[in-house]
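Me: Could you zoom in on the interface here and walk me through it slowly? After that, I'd like to know what the parts around it look like.

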Amino acid sequence: MATQAHSLSYAGCNFLRQRLVLSTLSGRPVKIRRIRARDDNPGLRDFEASFIRLLDKITNGSRIEINQTGTTLYYQPGLLYGGSVEHDCSVLRSIGYYLEALLCLAPFMKHPLKIVLRGVTNDQVDPSVDVLKATALPLLKQFGIDGESFELKILRRGMPPGGGGEVLFSCPVRKVLKPVQLTDPGKIKRIRGMAYSVRVSPQMANRIVDSARSILNKFIPDIYIYTDHMKGVNSGKSPGFGLSLVAETTNGTFLSAELASNPQGQGAAVLPEDLGRNCAKLLLEEIYRGGCVDSTNQSLVLLLMTLGQQDVSKVLLGPLSPYTIEFLRHLKSFFQVMFKIETKPCGEELKGGDKVLMTCVGIGFSNLSKTLK
Amino acid sequence: GGVVRGKPASPQGGSGQKLESENMVDETSDIETLLKEEEEHKEENSSSMETSGALKWKEDLSRKAAEAFLRQQQAAPNLRKLIYGTVTEDNEDEDGDTLEELGGLFRVSQPDRGCKHKADSLDCSRFLVEAPHDWDLEEVMNSIRDCFVTGKWEDEK
């Protein structure tokens, strides 16, 4: 088995998920030290412990060691197993926090993953389940991960602080990933959205829709924002409302933005009109950044390109997020893959800011559990 | 499809690079003129005031600043350098740095701003908009017009 010598060592709690995900995919153990070492409340938080438990559930033979204060974590990954799993996520972070990692790992399981996640479906911090469903799933399809069993369903909606939401994610497995050439985003042909409300007047969602439309209509007429008002047990434990918007282009690019109301008991009440307008403006910002992949999914596309067949993959992105920059460094440490990075100035065209063209050759990662079939 | 798309991209990239280097030259010459002006200025100064030793240290300040700026410009990392240039696994050094001992007994605990903050900050993939545009302005709205099917299309299509 792998020894300490082969493990990678990091400090601090930031980027915990990408480190553990890449460790799992590459088989290299990681040691993470000084996790909130100077904090009044040092060590791993509940939501991180829940994340580690989730990793343990979907793998077989992982070894996890945490010191008494929780400031040092050693993780020696096992094999990705999958199958039918249930997990109660911490309500301190939304289900999106957990789902982002699962989207990276699910295509490489031994058995197709079918998981029920419970907790917060929409909050102000992480990408919501709605946005991941609308942007990350079509992205995985570009790499050949598709099929009838590929779905992300919101069974119950849950807002913070109480949570009480429930989603179902199932993903088929693939032996190899197709390389991609995502260099032309095309033009935005329509905007879709989802205005949701739970445990408040259903009228809230309608007020959000009207105000968001008033801004987006100046750009394009084809806008449809669905309203979703879940009731009873399906509406979770806390009141709230919010909006997610997705701009779809002629070439199958999905750019998204979202906003949620303040959690009950935290901050001032948000007017649905303001939320609708601000969210519409956030979508315009995302369109200004542009590229063929939404800014929250930058690291997902770069990972799938890295793991693809030994062929050239290209993707045009907007400015790289700090999260993505760190992810690129991690891809280098775990897989020895470096991207060719070319800045593309926008020039005379009225297409927002400068873009970045990312090119790499896949390492030909294949799902070990599938080779014998 | 990929080949056709690939072709126009490469000359564009080339011109981009050329532009960049021209910019560099521009900046360098700017700084050279700045340095020259500074020298002239200094000469004037010294001739008029003769040797005022007390202020001698000041004379070099802007020159030093300009030189430092020039050095920084030449070392201006491109995106690739920014990403891959820095080593992420520098934990051991950090340890050494932060464990300064006072009188062999106490440790000076300095919150090492940037680096430390980043290490323990929120693990989140969202790319927050730090300086939002004013989308009520016609000019700003026009900056993304051609991203939509309702905007202008390239001739080739």
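Reply: Sure! Let's start with a count: chain B and chain A have 31 residue pairs in polar contact, with both partners at pLDDT 80 or more. Keep in mind that this is a predicted model. On the chain B side, five helices each bring at least two residues to the surface that touches chain A: α1 (2–49), α4 (79–84), α5 (91–98), α6 (113–119) and α7 (138–142). Sort the residues on that side by type and you get 20 nonpolar, 14 polar and 17 charged ones.

How many residues of each chain take part? 51 residues of chain B are in contact with 69 residues of chain A. Put together, the two chains bury about 5,600 Å², with 53% of that on carbon and sulfur atoms. Three residues, B:Y84, B:D123 and B:F127, account for 15% of what chain B buries against chain A, more than any other three residues.

Now for the charges. Side chains of opposite charge can pair when their charged atoms come close. Between chain B and chain A there are 4 salt bridges, while the count over all chains comes to 24. One salt bridge joins B:D136 to A:K281, with the closest N and O atoms 3.6 Å apart. The cut-off is 4 Å, so this pair qualifies.

Follow A:K281 into chain A and you land in helix α6, which covers residues 272–289. This helix lies across β12, β14 and β15 of chain A, running at about 150 degrees to β15(A).

What sheet do those strands belong to? They are part of an open sheet of 4 strands in chain A, ordered β13-β12-β14-β15, with mixed pairing. Its edges are β13 (223–230) and β15 (254–260), each of which pairs on one side only. On average, neighbouring strands of this sheet are turned by 15 degrees against each other, if you ignore direction.

Take one pair of strands from it. β12 (residues 188–198) of chain A and β13(A) pair in the parallel sense over 8 bridges. For a spot to find on screen, look for A:S197, whose bridge partner in β13(A) is A:H229. Another helix meets this sheet too: α5 (residues 203–216) of chain A lies across β12, β13 and β14 (240–249), running at about 165 degrees to β13(A). Don't mix that one up with α5 (91–98) of chain B from earlier.

Chain A has a second open sheet to compare with this one. There, 4 strands come in the order β11-β16-β18-β17, and the pairing is mixed. The edge strands are β11 (181–182) and β17 (340–344). Inside, β16 (residues 312–317) and β18 (residues 355–361) pair in the antiparallel sense over 6 bridges, and A:S313 has A:C360 as its bridge partner in β18(A).

One last salt bridge, this time within chain A: the side chains of A:R118 and A:E86 meet at 2.7 Å, N to O. Those two residues sit 32 residues apart in the chain, A:R118 in strand β8 (residues 111–119) and A:E86 in strand β7 (residues 82–88), and the pair links distant parts of the chain.

Technical notes: Residues numbered from 1 in each chain as written. Chains lettered and ligands numbered in written order. Predicted model: local features only at pLDDT ≥ 70, side-chain atom pairs only at ≥ 80, totals over all residues. Heavy atoms only, no water. Pairing = 2+ DSSP bridges. Axes fitted to C-alpha atoms, helices over the stretch in contact; angles between N-to-C directions. Contact = heavy atoms within 4.5 Å. Buried area = accessible area lost by both parts, 1.4 Å probe. Polar contact = N/O pair within 3.5 Å; in protein donor to acceptor, adjacent residues only side chain to side chain. Nonpolar A, V, L, I, M, F, W, Y, C, P; charged D, E, K, R; others polar.
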